[in-house]
Amino acid sequence: MAAALALAERGRGRTAPNPNVGCVIVSDGRVLGRGWTQPGGRPHAEAMALAAAGDDARGATCYVTLEPCAHASPRGPACADSLIAAGVARVVVAIRDPDPRTDGLGIARLRDAGIAVSNGLRAVEARRSIAGFLLRQALSRPFVTLKLALSLDGATALADGSSRWITGPEARAHAHLERSRHEAILVGRGTWQADSPVLDVRLAGLEQRSPRRILLSAAPEDGWEHIAAPEQVAVLSGVDHLLVEGGVQTAAAFLSADLVDRLLLYRAPIIVGGGRTLPDIGLGDLADAHGRWWLADSRMLGSDRLEVYERQVDKRVAEPV
């Protein structure tokens, strides 16, 4: 399942409205086929893995990060039916699919066909892997990551707004990798006016994964998609993962609207003094700030430190396995 989860990450930011799923088919300790959801959502991970395994899939075990779909589509058959037709003997699922067209029906169909099914293996990791899909299903909006590059004293820029560069090249390269894992990236009008940002991915081999550009502004601009308020992220079609990257006012607006699910904090070993920091986010009591975030990852990137924080589990999103 760990290998299937790693494969699922290859599709993150490219499969919406379908989830990014990973699949591995094995028999007698030998990997027969691997698959992950392809750009645009098809082929599904199971279809790709079954194509690689061929006739050897008969009697094999399939590990998949999300319940195989039970609904046919003009773009392809239901994965549960494909696994039955291939003759697999066992299917190991990480989490159930909350899509009402499947939601337990895929597992039931497999079991009715005599296939052994187990469910819940590495469910926590699987939920994190397809957080965008799960959040869209539960709350009808994308999973929002807020990226901030900070000095040790919390400044995002000098007092005059200069921010190139707070962090070093390794941290900036990682930020470009993060861009490649999102369908869309958003900045505010202040950043748009000050920096004229391109917001592409400038990593060799990943240039084609540059996200769609969204501008948060009262007025649209040519060449940019546009929303007027953070709450309007829900209307962004085909966006399950949104990266908010530019401007302390924009960052504060999303935090104030309680629409941030993940924080990427790149901390540089510098002291700015008197620099720009986050404005008020509507916090009335310090007690309200506690218990909201947990540290999911921390690592050094050159001389800078990356800290990744995620929201504590939202009961509206956590689906039963």
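Visitor: What is the relative accessible area of Glu-125?
Guide: Glu-125 counts as partly exposed, the class between buried (under 20% relative accessible area) and exposed (over 50%), with a 1.4 Å probe and protein chains only. This is a predicted model, in which local features need pLDDT of at least 70 and side-chain atom pairs count only at pLDDT 80 or more, while totals for chains, interfaces and linings use all residues. Residues are numbered from 1 along each chain as its sequence is written, and side-chain values use heavy atoms, leaving out hydrogens and water. For Glu-125 the relative accessible area is 33%.

Visitor: With which residue does Glu-125 form a salt bridge?
Guide: A salt bridge requires a side-chain nitrogen of Lys or Arg within 4 Å of a carboxyl oxygen of Asp or Glu. The closest N and O atoms of the pair are 3.1 Å apart. The partner is itself partly exposed, at 36% relative accessibility. The residue paired with Glu-125 is Arg-122.

Visitor: How many residues apart are Arg-128 and Glu-310?
Guide: The side chains of Arg-128 and Glu-310 meet in a salt bridge at 2.9 Å, N to O. Arg-128 lies in helix α5 (residues 123-129) and Glu-310 in strand β13 (residues 304-311), where helices (H or I, at least four residues) and strands (E, at least two) are DSSP runs numbered from the N terminus. Arg-128 is partly exposed at 36%, whereas Glu-310 is buried at 13%. The pair links parts of the chain whose separation in residues is 182.

Visitor: Which residue forms a salt bridge with Arg-141?
Guide: The closest N and O atoms of this pair are 2.9 Å apart. Arg-141 is in the loop between α6 (131-139) and β6 (143-150), and its partner, 120 residues apart, is in the loop between α9 (248-256) and β11. Arg-141 is buried at 9%, and the partner is buried at 7%. That partner is Asp-261.

Visitor: How far from the sulfur of Cys-79 is the closest cysteine sulfur?
Guide: The whole structure contains zero disulfides, a disulfide being a pair of cysteine sulfur atoms within 2.5 Å. Cys-69 is in no disulfide, although Cys-79 holds its nearest cysteine sulfur. Cys-69 is buried at 6%, and Cys-79 is buried at 3%. The two sulfurs do not bond because the distance is too far, at 3.7 Å.

Visitor: Over the ring of which residue does the charged end of Arg-213 sit?
Guide: The criterion is NZ of Lys or CZ of Arg within 6 Å of the ring centre and within 35 degrees of the ring normal. The charged end of Arg-172 sits over the ring of Trp-165, 4.5 Å from its centre. For Arg-213 the distance is 4.1 Å, and the ring belongs to Trp-224.
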